[in-house]
Amino acid sequence: RGKPVYIKFWASWCPSCLAGLEDFEALAAGYEASGEVQVLSIVAPGVNGEMDAEAFATWAKAQELDFTILLDEGARVNTEFGVSAYPTSVFIDENGQVVKTRLGDVAPDELSAMLQSLASGTLA
């Protein structure tokens with residue numbers, strides 16, 4: 001609460017999503033350390049071709065992923081945010097308002113600039 005949030009919706013079967021995971025992991029670690037923006041990722045197990053929660057947990061551990069992955073059982077959060085493709089990025093301001101939604105992969109430099117704008121309250 002009271003802090004901007006960046007959420008990446010993704011899937012283990014999505015080549016574009018997987019290609020950006022190393023950058024996402026570094027980004028998440030940097031913002032976790034600074035505390036400027038809360039960085040989260042959400043996967044919907046058992047939905048849209050995603051493996052079930054147990055298989056996903058095993059897969060994620062084998063990949064040695066070291067960032068927050070929330071499991072959206074039943075894809076309720078995906079539905080609430082209108083996610084129709086992966087990856088999807090959602091940017092939420094410190095007041096809990098969605099200020100931007102972006103479909104598709106976002107280049108690391110562009111994402112970094114967007115998160116700086118989100119942290120300063122200027123993302124539109």
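**Exercise 1. Work out how many helices and strands the protein has, and in what order they come.**

Step 1: count the elements. You should get five helices and five strands, taking DSSP runs numbered from the N terminus (H or I of at least four residues for helices, E of at least two for strands).

Step 2: walk along the sequence. The pattern reads β-α-α-β-α-β-α-β-β-α.

Step 3: check the overall packing. The radius of gyration is 14 Å, close to the 14 Å that the globule rule gives for 124 residues, so the protein is as compact as a globular protein of that length. Here the radius is taken over C-alpha atoms, and the rule is 2.2 Å times the number of residues to the power 0.38.

Before going on, a word on the model: it is predicted, so local features need pLDDT of at least 70 and side-chain atom pairs count only at pLDDT 80 or more, while totals for chains, interfaces and linings use all residues. Residues are numbered from 1 along each chain as its sequence is written, and side-chain values use heavy atoms, with hydrogens and water left out.

**Exercise 2. Find what share of the 124 residues is buried, and what share of the contacts joins residues at least 24 apart.**

Step 1: sort residues by relative accessible area (buried is under 20%, exposed over 50%, partly exposed in between; 1.4 Å probe, protein chains only). Buried residues make up 40% of the 124.

Step 2: take contacts (heavy atoms within 4.5 Å) between residues at least 6 apart in sequence. Of these, 66% join residues at least 24 apart.

**Exercise 3. Track down the salt bridge count, and say which residues are involved.**

Step 1: apply the rule, a side-chain nitrogen of Lys or Arg within 4 Å of a carboxyl oxygen of Asp or Glu. That leaves you with one salt bridge.

Step 2: name the partners. Arg102 pairs with Glu110, and their closest N and O atoms sit 2.7 Å apart.

Step 3: look at the exposure of each partner. Glu110 is partly exposed at 35% relative accessible area, and Arg102 is partly exposed too, at 23%.

**Exercise 4. Place Asp105 and list what it touches.**

Step 1: locate the residue. Asp105 lies in the loop between strand E5 (98-103) and helix H5 (108-120).

Step 2: check its cover. With 43% relative accessibility, Asp105 is partly exposed.

Step 3: leave out residues up to four places away in sequence. Asp105 then touches Ser16 and Pro87.

Step 4: try a distance. From C-alpha to C-alpha, Asp105 and Ser12 are 14 Å apart in space, with their positions 93 residues apart in sequence numbering.
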